[in-house]
Amino acid sequence: MNSQGAALLGSQLPTYRTVPSGAVSSWGPEAIDLIGTVGIKLDDGQQDILNDGLSEKRDGQWLASEVADDEPRQNGKTLLLEARALAGLYLIKEPLIVWTAHQFKTAHLSFLSLKERITGYDHLRKRVKAIRSSTHAHEIELFNPYRMCTFLARSGGSGRGFAQVAPLLLDESYAMTPEEMAALGRFFRKIAMASSLFR
């Protein structure tokens, strides 16, 4: 994450970057502009990931079915998930976004961060229908049209009851177990996991 006034060290571009060919458009520039309206300036590498991950083919389908960002801790990967979630809610208008993390406390912190961004700015807050929080899940729900982002901890039963998820955001994916992968495959195998950002 590019903190205000902090000098960026090292290369801001990835050592390895693989992107399918055939993109004709991208939601990336709009997603970058949107998160900029809540005071976040993404660095060049983060912008590239959003541009690539939100690229579309001529038929309107996502260019990539999966998007992975693999880098050390504290390099802005979760911030990219926030940018992707905001784009899904406010620009692309995806009905159901599921954000999962290895531990519920991580999902909880991500929920609090996105909630603060949304409720802190009138142009985002006025579209909110409800914000719900329980011991097992957190949800941010918008209206006109209906759409929701829900935050969950991964488990062997992750995904039950979520039949129309796109995208599925996997935070802390380094910690995913075979059981969790099997559960996600079982419940999401028919879902286009478009623009998923793995951590």
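The dialogue below goes through a predicted model and asks how some of its descriptions are reached.

Trainee: What does the chain contain, in helices and strands?

Mentor: The chain has six helices and nine strands. Of its 199 residues, 47% are buried, and among the contacts with a separation of 6 or more, 70% are between residues 24 or more positions apart.

Trainee: Why are helix 3 and helix 4 called oblique?

Mentor: Helix 3, residues 77–92, packs with helix 4, residues 104–119, at an angle of about 50°, and their axes are 11 Å apart. An angle under 35 degrees would count as roughly parallel and one of 65 to 115 as roughly perpendicular, and the value of about 50° belongs to neither class, which makes helix 3 oblique to helix 4. The crossing of these two helices is right-handed.

Trainee: Which residues make the contact of helix 3 with helix 4, and how do they divide into nonpolar, polar and charged?

Mentor: From helix 3 the contact takes in T78, L79, E82, A85, L86, L89 and Y90, and these meet S110, S113, L114, R117 and I118 of helix 4. Seven of the contact residues are nonpolar, three are polar and two are charged.

Trainee: What makes helix 3 a mostly covered helix?

Mentor: Of the 16 residues in helix 3, 14 are buried, where buried stands for a relative accessible area under 20%.

Trainee: Why are helix 1 and helix 2 oblique to each other as well?

Mentor: The axes of helix 1 and helix 2 cross at roughly 135° and come within 8 Å. To count as roughly antiparallel the angle would have to be over 145 degrees, and to count as roughly perpendicular it would have to lie from 65 to 115; a crossing at roughly 135° meets neither condition, and helix 1 and helix 2 are therefore oblique to each other. Their crossing is right-handed. In this contact G28, P29, A31 and I32 of helix 1 meet Q47, L50 and N51 of helix 2, and the residues involved divide into four nonpolar, three polar and no charged.

Trainee: How do you know that the buried residues of helix 1 line one face of the helix?

Mentor: The buried residues in helix 1, which spans residues 28–36, are G28, A31, I32, L34 and I35. Looking down the axis of helix 1, one finds its buried residues within an arc of 160°, so they line one face of the helix. What these buried residues pack against is strand 1, helix 2 (44–53), helix 3 and helix 5 (122–125).

Trainee: Why is W99 called buried?

Mentor: W99, which lies in strand 4 (residues 96–101), has a relative accessibility of 0%, and W99 therefore counts as buried, the limit being under 20%. Apart from residues up to four places away in sequence, W99 touches T78, L81, E82, A85, S110, T150, F151, L152, L169 and D171. For one of these partners, S110, the separation from W99 is 11 residues in sequence and 8.9 Å in space, C-alpha to C-alpha.

Trainee: Why does G22 count as partly exposed?

Mentor: The relative accessibility of G22 is 47%, and since buried means under 20% and exposed over 50%, G22 falls in between and counts as partly exposed. G22 is found in the segment before strand 1 (25–26). Leaving aside neighbours within four places in sequence, the contacts of G22 are E56, K57, R58 and L63; G22 and L63 are 41 residues apart in sequence, with 7.1 Å between their C-alpha atoms.

Trainee: How do K93 and N144 count, as buried, partly exposed or exposed?

Mentor: K93, in the loop between helix 3 and strand 4, counts as partly exposed because its relative accessibility is 34%. N144, in the loop between strand 6 and strand 7, has a relative accessibility of 58% and so counts as exposed, the limit being over 50%.

Trainee: What is the phi of K93, and what is the phi of N144?

Mentor: K93, which follows helix 3, has a positive phi of about 60° although K93 is not a glycine. N144, also a residue other than glycine, has a positive phi near 55°. The peptide bond joining N144 and P145 is cis, with omega about -5°, and P145 lies in the loop between strand 6 (138–142) and strand 7 (147–153).

Notes. Residues numbered from 1 in each chain as written. Predicted model: local features only at pLDDT ≥ 70, side-chain atom pairs only at ≥ 80, totals over all residues. Heavy atoms only, no water. Axes fitted to C-alpha atoms, helices over the stretch in contact; angles between N-to-C directions. Helix = DSSP H or I, 4+ residues; strand = E, 2+ residues; numbered from the N terminus. Left-handed = near helix turned anticlockwise from the far one by under 90°. Contact = heavy atoms within 4.5 Å. Nonpolar A, V, L, I, M, F, W, Y, C, P; charged D, E, K, R; others polar. Buried < 20%, exposed > 50% of the residue type's maximum accessible area, 1.4 Å probe, protein only. Arc of directions from axis to C-beta.
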